[in-house]
Structure formats: C-alpha cells, structure tokens
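Biologist: I should be grateful for a close look at one part of this model, the sheet with the most to tell, followed by its place in the rest of the chain. Please state the cut-off behind each term as you use it.

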Amino acid sequence: MIDHKFNFKKASELLKPVIRNTTLIKSDYFSDISNNNVYIKPENLQMTGSFKIRGAYNKISKLNEDEKNRGIITASAGNHAQGVSFSAKTQNIEAIICMPEQTPMIKVDGTLKYGAKVRLQGSNFDQTNEYAMNLSKTQGYTYIPPYDDYDVIEGQGTIAFEILKENPEIDYILVPVGGGGLISGVALCAKEINPKIKIIGVEPKNAASMQKSVKCNKIIKLDSTDTIADGTAVAKVGEKTFEICKDYVDGWISITEDELLESFIELIEKHKLVSEPSGLLSIAAVKKLDFFNKNICCIISGGNIDMSFVSQLIDKGLFVSNRIHTFRLEISNTPGSLEKLLSIFAQTKANIMSIYHDLWGEASRYKNIFVEITAEINGSDHLQKIIEKLQKEGYKID
C-alpha cells in the first residue's frame, strides 16, 4: 500500500517551462515487424538528453528553503546528474554530483556545463550512491535520490500523462527499467488515467534486478551488472519503486546485448534517432511481444552517448545484424587461387572491406594459405547465399 498522494497533472504544469514537448512518433517499421501499432516517445530529445530532468526538477522545486540553502548532492551514471544540475542552476542552488569513475565524458561535461561540481567516485552506481549518501550525512547536503523518492517518481510519471493526453488509445507502454523510478511513475499515472492499460518493464538480461526482485517477492541485489546499458545497470532497486512495481507492472521482458546492438542500428536507420543503449530497451522489446494489433508506446529514455561509443556500437551492431561478416577459410598456395576466391564475392555482390592473407601461418604447413575476408553484406539471407556458393566451390569455412 502506497502512503502518498500523487498529483501528476500538477507536476506536469510545474514542468512545462523547463521541458520539451516530445510528441509521439508513429513507427511504421516497428509496427510492421511486431504486427502492432508502435509509437515512440523520444525522451532522448529532452532538454538535458533524457527523461531524468522531470523527476529532478519536480523534487528540487519542492524543497524548503533550509534544504536548498544547504546545497544538494546526488549520485548518477549521467542522466540524473544533468537533470539535477540543470534544475539546481535554474533555482540558484549549489549542487554536487557524484558519478562512477568510468562515466562517459559527454555525461560529465553535460553536468559541468550547468555549473555543478562533479566528483568521480566508485566503479559502479551503487558504490557512487553510497559515497554520495555518506557525504550528505557528514557535510549536511540535501540528498536528491535518483529514483527511490515519491517526488522524483511523480515527475517521471508526467511522461505517461503526456502520452495518454496525446493518444488515449494506447494499450501498452513499454518502459526501460533501472532503479525503477521511471516505470513506477509511468505505471501509477497511466493506470490512474486508464486502469485497463498495461505496463511492461524492460531490463538488460545482465542487469534484471527489478524483474528478479519482483519474482522473488523481495529486493535482490545482483552480484554484477555487466551490460552496455550503463544507465540501467543497477544492482539493487529502490524500496519504494519495488513496492510500486510489484502491484502496478503487468509484465517483464529481458533484452540481450546483441538485441540492443541490433536495435541501435535500426533506430538510427529507420528514424534517424540516436539513443543510448539503456534508452533502447523498449524498442528492442517490440520484437519479443506475444500479442498483436495493439497500440503500443515505447519510451526512449535517453540519448546522452559519447560519439566514440556510437562508433563502437555501430560497428558491433553491423556485425550482429549480419551487415558485416568476416569469412575465415583456406585456399591453395598456387597462383590465381586468391583471384578465384575474390571473384565469388564479386558474383554474390559482397563488398570486400579487408583481406588478411597469411602465407606463413598454420595452414601453410599443409600447402594452403589462411585467408580472412571481411565484407559488407545485406543481412542473414545474403550471408547464407555467399556461404552456399563458397561451399559449392569446395571451400571450407571456419
């Protein structure tokens, strides 16, 4: 039982001056592959690059003068940091942001530009959060929780208020889940407006802390959270968010790292939108739905991502989706053998990117040459045709 009164409409009015109106985008591509009507809520286009500004601003606006005068402190992997930093600046409050040591520089710089002080501490969010809470106790700062707080939850819930105001016919909302603040607010607000609506939580398979906790009916702390979706890599969810998720979330989906990579490529190609991996969870989940002909809204929760990481994700995503493939095989160490092999790639319309030709390697002992060819291809069907052609010509593929 939740002993708190939420007012999502009032919170929505409070946030209007500081947030962008992220209107829904109808996705023909994701609608077709899922046999549903899929809409995207692009919070990656928000003022600070993610939904986190909503909860942070709502919380900080409700602090009393003494709490504001003491300065505020929080812990964040990046997005909450920028939301708190921006909100503190608008209200002339001193802010200290504690972030994990491996936080991407784009998130550190995005926090610093709003005037907050940044302290890099801890190898993961949970260590950083413990450090921030200790500073709050010892130095008197007002602690701003990243997710386990009713005012923060209320602010995040304004996303559902906007979704259903724009499209009251939405049947399902798919929500990325880390500590649980976003999905808690969305679930409470959405079901207040439409009790029949379904809320689906989506987590990385390697960091499914909320899903495991709900299944066990108690909060479970994960031993590790090894995922590229760093914004949702939370080992232990909040107590308040756990209680809300138990009662208000209707289902759960887990996403693998490869599925995230594939969705990253698809979102860029089909919608020209760049999301951080955590924000992609809801999009990746569309392919795993077991219902059809429903109106679905996928929340893209954030887009704060370093360009070097974008490059890495694109490269890995192209391999995962069979748009780039490396073929490893042996050829005879005789004149014309390599030319013959390359002609097969030309015939099958594969664009060769690189060739590694090892004359002195293991294969050379058997009068053969080891060859590694990396080529651009056009998906799984194209890959299979190339393999079949190579095998037909007598090549053994490693």
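Modeller: The account below begins with the model as a whole, turns to one sheet and its helices, and ends with other parts of the chain.

This is a predicted model, in which local features need pLDDT of at least 70 and side-chain atom pairs count only at pLDDT 80 or more, while totals for chains, interfaces and linings use all residues. Residues are numbered from 1 along each chain as its sequence is written, and side-chain values use heavy atoms, with hydrogens and water left out.

The secondary structure of the protein chain comprises 16 helices and 13 strands; helices (H or I, at least four residues) and strands (E, at least two) are DSSP runs, numbered from the N terminus. The C-alpha trace spans about 85 × 50 × 40 Å along its principal axes. Of the 398 residues, 55% count as buried, that is, under 20% relative accessible area with a 1.4 Å probe and protein chains only, whereas exposed means over 50% and partly exposed lies in between. Among contacts (heavy atoms within 4.5 Å) between residues at least 6 apart in sequence, 72% join residues at least 24 apart.

The sheet in question is open and has six strands, in the order 1-2-10-7-8-9, with mixed pairing. Two strands are said to pair if DSSP finds at least two bridges between them. In general, strands of a sheet pair through backbone hydrogen bonds, either parallel or antiparallel. Strand 1 (25-27) and strand 9 (251-255) form the edges, each pairing on one side only. On average, neighbouring strands of this sheet are turned by 25° against each other, direction ignored. At one end of the order, strand 1 and strand 2 (residues 37-42) pair in the antiparallel sense over three bridges; there, S27 stands opposite V38 of strand 2.

Two helices pack on this sheet. Helix 9 (residues 181-193) lies across strand 7 (172-176), strand 8 (198-204) and strand 10 (295-300), and runs at about 170° to strand 8. Helix 10 (residues 209-216) touches strand 8 and strand 9, its direction making about 140° with that of strand 9. Such angles run from 0 to 180 degrees between N-to-C directions, with axes fitted to C-alpha atoms, for helices over the stretch in contact.

Elsewhere, helix 3 (residues 52-61) packs against helix 5 (residues 79-90) at an angle of about 40°, with axes 8 Å apart. Helix 3 is therefore oblique to helix 5: angles under 35 degrees count as roughly parallel, over 145 as roughly antiparallel, 65 to 115 as roughly perpendicular, and the rest as oblique. Their crossing is right-handed, the near helix being turned clockwise from the far one by less than a right angle, and anticlockwise if left-handed. Among the residues in this contact are Y57 and I60 of helix 3 and V84 and F86 of helix 5.

Between these two helices in sequence, E65 lies in helix 4 (residues 65-69). At 54% relative accessibility, E65 counts as exposed. The C-alpha atoms of E65 and I314 are 47 Å apart, with 249 residues separating them along the chain.

A further open sheet has three strands in the order 11-13-12, paired antiparallel. Strand 11 (324-332) and strand 12 (351-358) each have a single partner strand, so one side of each is left without a neighbour in the sheet. Here neighbouring strands are turned by 20° on average, direction ignored. Seven bridges join strand 12 to strand 13 (residues 368-376), and S354 has T374 of strand 13 as its bridge partner.
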